[in-house]
Amino acid sequence: PFIVKTQNIEVEALGTVFNVQSYSNLMKTVATLEQGKVRVKAKSKNDDGVILFPDDQAIYDHITGEMTTNRQVDVRKVTCWVDGFLLFQGESFDYIMKALERQYGVSINYEGSKYAGKTFTVKFNPNEDVIQVLDVLKEVISGLHYKIKDKVIYIY
């Protein structure tokens, strides 16, 4: 069998197309099924895991160790990164900044408490560079300003 192993879960391919999002600096691991069938199993549990069918999603919470399942997600939105798009729907500022750091190979410094508890929805096209993305965020988020020095972005 073809198995993708992360620190917290295993995704076993059972003839399929799927997406796994697992980064050490995020508090969850997400497996989304596009086609076929997969089994998602938490390494911390001795159970059979959960079987996903197309448009299903399993979310493993790194803090609680619990796995939840979402049925009928919009897989196109989850996998648009394959075509270079960045799509954030109701995501925290912290989550968006971590994604931008990965996407553009930069470090972003900001005061987290300034944006805590707020969520944002925004989509970036594949041809947009980090300055264009920051300019869009400046328009979307009132009071956001930034400076760039080398590969470090300071948001204030």
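How many bridges join E12 to E13? Four bridges do the job, and the two strands run antiparallel. Helices and strands here are DSSP runs, numbered from the N terminus, with at least four residues for a helix (H or I) and at least two for a strand (E). Two strands pair if DSSP finds at least two bridges between them. This is a predicted model, so local features need pLDDT of at least 70 and side-chain atom pairs count only at pLDDT 80 or more, while totals for chains, interfaces and linings use all residues. Residues are numbered from 1 along each chain as its sequence is written, and side-chain values use heavy atoms, with hydrogens and water left out.

E12 and E13 belong to an open sheet of three strands in the order E10-E13-E12, with mixed pairing. Strand E10 (107–109) and strand E12 (146–149) sit at the edges with a single partner strand each, so one side of each has no neighbour in the sheet. On average, neighbouring strands are turned by 20° against each other, direction ignored; axes are lines fitted to C-alpha atoms (for helices, over the stretch in contact), and angles between N-to-C directions run from 0 to 180 degrees. Within the E12–E13 pairing, Tyr146 has Ile155 in E13 as its bridge partner. Two helices lie across this sheet's strands: H2 crosses E10 and E13, running at about 150° to E10, and H4 crosses E12 and E13, running at about 165° to E12.

These elements come up again in the largest nonpolar core, which has 25 residues. A nonpolar core is a set of buried Ala, Val, Leu, Ile, Met, Phe, Trp, Tyr and Cys residues joined through side-chain atoms within 4.5 Å, where buried means under 20% relative accessible area, exposed means over 50%, and partly exposed falls in between (1.4 Å probe, protein chains only). The members that touch the most other members are Phe88, Phe93, Met97, Leu100, Leu137, Ile153 and Ile155. At least two residues each come from strand E9 (86–92), helix H2 (93–104), strand E11 (119–124), helix H4 (130–140) and strand E13 (152–155). H2 gives the largest share, seven residues. Met97 touches Ile108, Tyr110, Leu137 and Ile155, leaving out residues up to four places away in sequence; contact means heavy atoms within 4.5 Å. A second, separate core has eleven residues, among them Ile9, Val38, Val40 and Ala42.

The other sheet to look at is also open, with four strands in the order E1-E2-E5-E6 and antiparallel pairing. Its edge strands are E1 (2–5) and E6 (50–52), each pairing on one side only, and the twist averages 25° from one strand to the next. Strand E5 (residues 38–42) is joined to E6 by three bridges, and Arg39 has Ile51 in E6 as its bridge partner.

Then there is the largest pocket, which holds about 700 Å³ of space. On a 1 Å grid over the protein atoms alone, a pocket is an open set of points where a 1.4 Å probe fits, with protein on both sides within 12 Å along at least five of seven lines; lining residues have an atom within 4 Å of a point. Grid points are joined across faces, edges and corners, and the volume is the space filled by probe spheres set on the points. The lining counts 25 residues, with Gln21, Val78, Trp81, Leu87 and Tyr95 nearest the centre. Strand E9 supplies the largest share of the lining, five residues.

Several loop residues are worth a look. Asp55, in the loop between E6 and E7, has a positive phi of about 75° although it is not a glycine; with a relative accessible area of 27%, Asp55 is partly exposed. Gln72, in the loop between E8 and H1, likewise has a positive phi, of about 60°, without being a glycine, and Gln72 is exposed at 62% relative accessible area. Glu66 lies in the loop between E7 and strand E8 (67–70) and is partly exposed, at 43%. Setting aside neighbours within four places in sequence, Glu66 is in contact with Lys45, Ile59, Tyr60 and Asp61. Gly117, between helix H3 (112–115) and E11, is exposed, with a relative accessible area of 84%.
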